[in-house]
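Work through the exercises below with the sequence and the structure open beside you. Try each task before you read its solution.

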Amino acid sequence: VIKCKAAVAWEAGKPLSIEEVEVAPPKAHEVRIKIVATAVCHTDAYTLSGADPEGCFPVILGHEGAGIVESVGEGVTKVKKGDTVIPLYIPQCGECKFCKNPKTNLCQKIRITQGKGVMPDGTSRFTCKGKQIYHFMGTSTFSEYTVVADISVAKIDAAAPLEKVCLLGCGISTGYGAAVNTAKVEPGSTCAVFGLGGVGLAVIMGCKIAGASRIIGIDLNKDKYAKAKEFGATECISPQDSKKPIQEVLVEMTDGGVDYSFECIGNVGVMRAALEACHKGWGVSVIVGVAAAGQEIATRPFQLVTGRTWKGTAFGGWKSVDNVPKLVTEYMSKKIKVDEFVTHTLPFDKINEAFELMHSGK
C-alpha cells in the first residue's frame, strides 16, 4: 500500500480537500501509476457540482493525467514498471463488439463498474481516514498515485513533457477528433465553433489542419477571441452583438449556412442553434459538449428532412490505446499544438484555484 496526497471530493458542491490517502496495490489486469501531472476539466466540475447522475462521493476526481507506471498486477502485458503513460477514461479492450467495429471508439468492457466508481472487480483501491473512496471515470488523476484497468492506459513516448501531454487525455483529443474523425471536415469548407474553451480551441485547430477556409468562433466572452485566432479562427462573433438569433446571423454571413458546426459548451439551446446554422442539403453539426442530466434537444424535423445531419462525439472518436500514443507523436513533431493550451501551472495543493480560474474563463 502506498500513502500519498490526493484531492478528495468528500461531498457535492464543496471544494476539494487535500488528504493523505492509501492506494492499494494493483490486482490482476490493473496498473498502478505515479501521476506526474493532471489538468482540470469542466467534466470534473460537473460531477463535483452534484449535477452528474453517476456522481458518487467521496471520490477522487480527475481524468486528464500523465505519469509513470509504478507497478502492474498479474497478467498485465501491455505496460511495465517505468513506462510513461496516459490513463484513458474511454478504454480499448480490443475484444468487445464496440472495439471490433471501426465506426466507434466506445469500448463497453468496463463501462458499468467505471460508472459506479469502482474497479472492474467491484471494489476500490483508495481509502482515506478509514473510508472507501470512489474512483472517477476509471482514472482518478487527482492523486499522486492511482490504479487503473490495464485496458485504460496508453503507453507513450518517454520523452514527452507530461505537464503538457496530460491534456491529450481528454480536452485536446476530443476537440481535434470531433473535427477530423467525427465531422471529417473537408478542405475549403466553412466551420462554426460554439464555445471557445479548451475543447473549442482544439476543434478550431482540427478544422484548420483539415484545410477549412473559414472558421467562425462564437463565444460571449470576447477575451477569448485573440486566442481563438491564434489557433486558426478567421473571425469571432458574440450572440449578444445582434438582435437576431445567432443561427440567422451565421446563415446570412455564410450564404446559406456553414458546412460544419460544433457545440463545445453543453447547452441544449446552443446545440439547436449550431444545427440550424448549418447549410441546407449537406450541413453537419457535431455535439461535443456534455449537457446536464435529463436535458433534451429540440429542432423542427424539417431541419433534418432538408439535409442536415446531427452527430455526437466522445473523446473525438479516437480508439484510445491505439491513437493517444500517435497524438503524442503528432505533438512531438509539431503537427498539433498542446503547449498553447496551457494558461496556468499550479502546485497540486492549489487545485481549487485551478477550478476557480476555469470557471472565470481565464
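**Exercise 1: Two helices at an angle**

Helix 1 and helix 12 are roughly perpendicular to each other. In this predicted model, find the crossing angle of helix 1 and helix 12 and state how the angle leads to that description.

Solution. Begin with the axes: those of helix 1 (residues 42-49) and helix 12 (residues 351-359) cross at roughly 105 degrees and come within 11 Å. Next, compare the angle with the cut-off, since angles of 65 to 115 degrees count as roughly perpendicular; helix 1 and helix 12 are therefore given that description. Then look at the residues that touch, which are His42, Asp44 and Ala45 of helix 1 and Phe355, Met358 and His359 of helix 12. Sorted by class, this contact of helix 1 with helix 12 has 3 nonpolar, 2 polar and 1 charged residues.

**Exercise 2: A second helix pair**

Determine how helix 5 and helix 6 pack, and name the residues through which they do so.

Solution. Helix 5 (residues 171-183) and helix 6 (residues 198-209) have axes 7 Å apart, and the angle at which they pack is about 40 degrees. That angle makes helix 5 oblique to helix 6, and the crossing of the two helices is right-handed. On the side of helix 5, the contact is made by Gly171, Ile172, Thr174, Gly175, Tyr176, Ala178, Ala179 and Val180, while helix 6 contributes Val199, Ala202, Val203, Met205, Gly206, Cys207 and Ile209. When the residues of this contact of helix 5 with helix 6 are classified, 11 are nonpolar, 4 are polar and none is charged.

**Exercise 3: Unusual backbone angles**

Locate the cis peptide bond that involves Pro58, and then examine the phi angle of Ser140.

Solution. As background, most residues other than glycine have a negative phi, and most peptide bonds are trans. The cis peptide bond joins Phe57 and Pro58, with an omega of about -5 degrees, and Pro58 lies in the loop between helix 1 and strand 4 (59-60). Ser140, although not a glycine, has a positive phi of about 45 degrees, and its place is in the loop between strand 8 (131-133) and strand 9 (145-149).

**Exercise 4: Domains**

Which residues make up domain 1 and domain 2, and how far apart are the C-alpha centres of these domains?

Solution. The domain assignment gives domain 1 as 2-169 + 319-353 and domain 2 as 174-314. Their C-alpha centres lie 29 Å apart, and 14 residues of domain 1 are in contact with 14 residues of domain 2.

Notes:
Residues numbered from 1 in each chain as written. Predicted model: local features only at pLDDT ≥ 70, side-chain atom pairs only at ≥ 80, totals over all residues. Heavy atoms only, no water. Axes fitted to C-alpha atoms, helices over the stretch in contact; angles between N-to-C directions. Helix = DSSP H or I, 4+ residues; strand = E, 2+ residues; numbered from the N terminus. Parallel < 35°, antiparallel > 145°, perpendicular 65-115°, else oblique. Left-handed = near helix turned anticlockwise from the far one by under 90°. Contact = heavy atoms within 4.5 Å. Nonpolar A, V, L, I, M, F, W, Y, C, P; charged D, E, K, R; others polar. Domains from an automatic or database assignment.
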